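User: I'd like a close look at one part of this model, the place where the two chains meet. Take me through it in plain terms, and then show me how the rest of each chain fits around it.

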Amino acid sequence: MSAADVRTGGAVARALGAQRRNLWFWIFVGPFAVGLGLFTYVPLVWSLYLSFFDAHNTVTPTGDDFVGLGNYTAMLGDGAFLSSLGTFVLFTAFIVPATYVLSLGLALMVNRLRLARAFFRSVFFLPTACSYVVAAVIWKLSIFNGVRFGLANTVLGWFGADQTAWLSTTHPPWYWLVIVTVRLWLQAGFYMILFLAGLQRISPQLYEAAAVDGARAGWQVFRHITFPQLRATSVAVVLLLVINAFQAFDEFYNLLSDARGYPPYARPPLVYLYYTALGRDQNLGLGSAGAVILALIIAVATVVQARWFGLGRKEG
Amino acid sequence: MHDAHDALARAGRALRVVLLIALALLFLVPFYLLVRNGLASEQEITSPDWTFFPHELRWSHLAEVFQDPGLPMGRALFNSAVIAVSTTVGTVVLASLAGYGLARIPYRHANAVFYAILGTLMVPAAVTFVPSFVLVSSLGWISTLRGLVIPTLFSAFACFIFRQYFLGFPQELEDAARVDGLGYWRTYWRIVVPNARPVFAAVGTIVFIGAWNAFLWPLVIGQDQEAWTVQVALSTFTTAQNLNLHELFVAAAVSIAPLVVVFLLLQRYIVAGVERSGIDD
C-alpha cells in the first residue's frame with residue numbers, strides 16, 4: 001500500500017472496487033446461473049417433491065395424494081424397472097469395452113500415419129455428425145432388415161446362411177448386435193479424437209528413452225509407455241462412455257419401436273421412464289421417483305469410479 | 001537379422017494400412033446406403049437380388065420428399081434450423097460470459113458458484129427430463145419454440161470449456177485494455193471475444209450438432225406436428241405403418257446434409273476444441 005493510497009482513503013476505494021467487481025461478476029455469470037438454477041435445480045427439487053405423491057396427470061398434487069416413500073418402494077419392487085437397470089448394465093458391458101478398444105485402436109493407427117492422416121480422421125469422425133434417428137433408419141431398414149434385401153442378410157446369404165430377423169429375434173438376442181453397432185459407429189470417432197489428443201501430449205523423449213533401453217517398437221512400447229501415459233484420457237473416456245450409456249434412449253426407441261409400440265424387452269431406464277411418466281398413464285409421481293433413483297445411482301457410480309481411478313490426477 | 005526385422009516392420013505397416021482402409025470403407029457404408037436407397041426405386045430397395053449400385057438414380061425423389069403431406073419435411077427442417085441456430089447463439093453467449101466471469105473477475109464465492117455449475121454435469125440431463133417436462137408444461141410452453149429452446153440454453157459443459165479456455169488466455173492483452181480504461185464489459189467484447197474465435201467456433205459447432213440431432217427433448221416437448229423437428233418427423237415416419245422407403249431415406253439424407261457440410265468445414269475447430277477442452281485432463 002502506498003502513502004498516496006492511505007491519504008485518499010484507499011481502503012474505502014478498495015471496498016467500493018470489490019463491490020463493483022462483485023456486481024460485474026454477477027452481470028457476467030448471473031444470467032447463466034439463474035437459467036441453470038431454473039431449468040436444472042428447480043426441476044430436480046420439484047421431481048423430489050413429486051416423487052412423494054401419487055401424481056397422475058398433474059404436477060401440483062394435493063395433500064391427499066401424499067404417499068411418502070410409496071413410489072420408491074413401488075419402483076424398487078417393479079420387475080420392469082429393475083430389468084431396465086439390468087438392460088443398462090448389460091448394454092454398458094457391451095458398449096464400453098467395444099468403444100474403448102475401437103477408438104483407441106483407431107487413434108493409434110491414425111496417429112502413426114504420415115499420409116492421408118486428415119482423411120482417415122475425418123472418415124472415422126464423420127458419423128459424429130449423424131443423429132441416432134438417421135442411423136437407426138439405416139440400421140433398421142437397410143442393414144439389419146429381417147428380410148432378404150437387408151445388407152446383413154444379403155452378405156450372409158452369399159455364404160449360405162439363413163435369414164435372420166435381427167430386431168425381433170429374442171433368442172438369441174440378435175437385436176443386441178444392432179443396438180451396439182449403431183452406437184459404436186456413431187461415437188467411436190469422437191473418442192478417437194480424445195485419444196489422439198492424449199497421444200500428442202506424450203513426450204517424444206519417453207519413446208527415445210525406451211528405444212535406448214532396447215524396448216521393441218510395438219507391443220512393448222505400447223504397454224510400458226503409451227498405455228500408462230494415456231491413463232487420464234482413459235479414465236475420462238470410460239467415465240463419459242458409462243454416463244452416455246446410462247442415458248441411452250434414441251437408438252433403443254428408434255430401432256425397436258414400431259407401429260405396434262415398444263416391445264416388452266430391452267427397455268433401458270430412460271425408455272422405461274419415458275413410458276411411465278409420459279405414456280398413457282402420465283404417472284409423474286412414479287416417474288419422478290424413478291428419476292431420483294437413477295440420479296442417485298449415477299451420482300454414486302460416478303463418485304466411486306472417480307475415486308477408483310483417481311480422476312483429476314495428472315498423467316505420468 | 002536386421003533385414004528380417006525391417007521386412008517384418010514393413011509387413012506390419014502394410015497390414016495396418018490395409019486394416020485402416022477396410023475400417024474406413026466400413027464406416028462409410030451407412031452413408032452410402034443412405035444415398036443409394038434414397039435415389040433407388042422402391043423395387044430396387046426391396047429387391048431380393050440386392051445390388052450395390054442401383055440401375056437408375058432417381059433425383060426426382062429429392063423434390064418428392066418435400067411434397068408429401070404426411071411427412072412435413074419443409075416445416076420440420078425450418079423448425080430444426082431455427083432451434084439449432086437460436087440454441088447455438090444463446091448457449092455460446094450465455095456460457096462464454098459466465099465462463100469469462102468465473103475465470104477472470106475476482107469474487108469471493110466464485111469457486112462455490114463454479115462447483116454448483118459443475119455439479120449439474122453429474123446429474124445427467126436426461127434424468128431430469130421428467131421434472132423438466134413438468135416445469136415446461138406448467139409454464140405452458142409445450143409445442144412452442146420457447147419450450148424447445150430456452151431450457152436447453154444453460155449448458156454447464158459449454159461454460160466449463162469457456163472457463164478453462166479463458167484461464168489459459170494471455171492476461172497481458174486484457175491488462176493493456178484495462179490500462180486504457182476499458183471496463184470488464186468492453187474488454188470482453190473488444191479484446192477477448194475477437195481473440196478467442198477458435199473456442200467460440202468449437203463450442204458453437206458442438207452445440208449446433210447437438211441441437212440439430214437432439215431427439216428426446218423435441219419428442220417430449222414438440223407434440224404438435226407443427227412443432228416437429230427433423231428428427232421427430234423422421235422417427236414418427238419410421239414407426240408409421242405405410243412407409244415409403246425411398247422417401248424416408250431421402251429425407252434422412254436431406255436431414256444430415258447441412259450438418260455434414262458444417263462438419264467438414266469446421267472440423268478442425270471441433271478437433272482443436274475437443275483437444276483443448278481439458279475434458280481428458
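How many residues of chain A are in contact with chain B, and how many residues of chain B are on the other side?

Analyst: Before the numbers, keep in mind that this is a predicted model. In it, 93 residues of chain A are in contact with 91 residues of chain B.

Let's start with the area. Between them, chain A and chain B bury about 8500 Å², and carbon and sulfur atoms carry 79% of it. If you're wondering about the choice of yardstick, the size of an interface is often given as the accessible area lost when the parts come together. On the chain A side, the three residues that supply more of the buried area than any other three are A:Phe28, A:Phe32 and A:Phe39, with 10% of what chain A buries against chain B.

What about charges and polar pairs? Across the interface of chain A and chain B there are zero salt bridges. Polar contacts do turn up, with nine residue pairs counted between chain A and chain B, both partners at pLDDT 80 or more. Helix H2 of chain A, residues 10–50, gives the most to the side that touches chain B, namely 22 residues. Sorted by class, that side of chain A has 65 nonpolar, 18 polar and ten charged residues.

Now for how chain A is put together. The domain assignment splits chain A into domain 1 (4–51) and domain 2 (70–309). Their contact takes four residues from domain 1 of chain A and eight residues from domain 2 of chain A. Measuring over C-alpha atoms, the centres of domain 1 and domain 2 of chain A are separated by 39 Å. The two domains of chain A bury about 430 Å² between them, with 58% of that from carbon and sulfur atoms. On the domain 1 side, A:Ser47, A:Leu50 and A:Ser51 lose the most area to domain 2 of chain A, together 83% of what that side buries. Between these two domains there are zero salt bridges, and two residue pairs are in polar contact, both at pLDDT 80 or more. The side of domain 1 of chain A that touches domain 2 has two nonpolar, two polar and no charged residues.

There's also a database label on chain A. An unreviewed UniProt entry annotates residues 85–305 of chain A as "domain: ABC transmembrane type-1". That span is 71% helix and 0% strand, and its end C-alpha atoms lie 18 Å apart.

Over to chain B, where the domain assignment gives domain 1 (1–57) and domain 2 (64–277). Nine residues from domain 1 of chain B and nine residues from domain 2 of chain B take part in the contact. The C-alpha centres of these two domains of chain B lie 34 Å apart. About 710 Å² is buried between domain 1 and domain 2 of chain B, 74% of it from carbon and sulfur atoms. In domain 1 of chain B, the residues that lose the most area to domain 2 are B:Leu34, B:Gly38 and B:Glu42, together 61% of what that side buries. The count of salt bridges between the two domains of chain B is zero, while two residue pairs are in polar contact, both at pLDDT 80 or more. Helix H1 (2–39) and helix H2 (42–46) of chain B each supply at least two residues of the domain 1 side, and the largest share of that side, five residues, comes from H1(B). By class, the side of domain 1 of chain B that touches domain 2 has five nonpolar, three polar and one charged residues.

Chain B has UniProt labels too. An unreviewed entry lists "transmembrane region" for several stretches of chain B, among them residues 17–35 and 141–162. Residues 17–35 of chain B are 100% helix and 0% strand, with end C-alpha atoms 27 Å apart. For residues 141–162 of chain B, the span is 55% helix and 0% strand, and the end C-alpha atoms lie 30 Å apart.

So where do salt bridges show up? Over all chains, the count comes to four salt bridges. One salt bridge joins A:Arg183 and A:Glu251, with the closest N and O atoms 2.6 Å apart. A:Arg183 lies in helix H8 (residues 175–200) of chain A and A:Glu251 in helix H12 (residues 250–256) of chain A, so the pair ties together parts that are 68 residues apart in sequence.

Conventions: Residues numbered from 1 in each chain as written. Chains lettered and ligands numbered in written order. Predicted model: local features only at pLDDT ≥ 70, side-chain atom pairs only at ≥ 80, totals over all residues. Heavy atoms only, no water. Domains from an automatic or database assignment. Contact = heavy atoms within 4.5 Å. Buried area = accessible area lost by both parts, 1.4 Å probe. Salt bridge = Lys/Arg side-chain N within 4 Å of Asp/Glu carboxyl O. Polar contact = N/O pair within 3.5 Å; in protein donor to acceptor, adjacent residues only side chain to side chain. Nonpolar A, V, L, I, M, F, W, Y, C, P; charged D, E, K, R; others polar. Helix = DSSP H or I, 4+ residues; strand = E, 2+ residues; numbered from the N terminus. UniProt positions renumbered as here; feature names shortened; annotations may be inferred.
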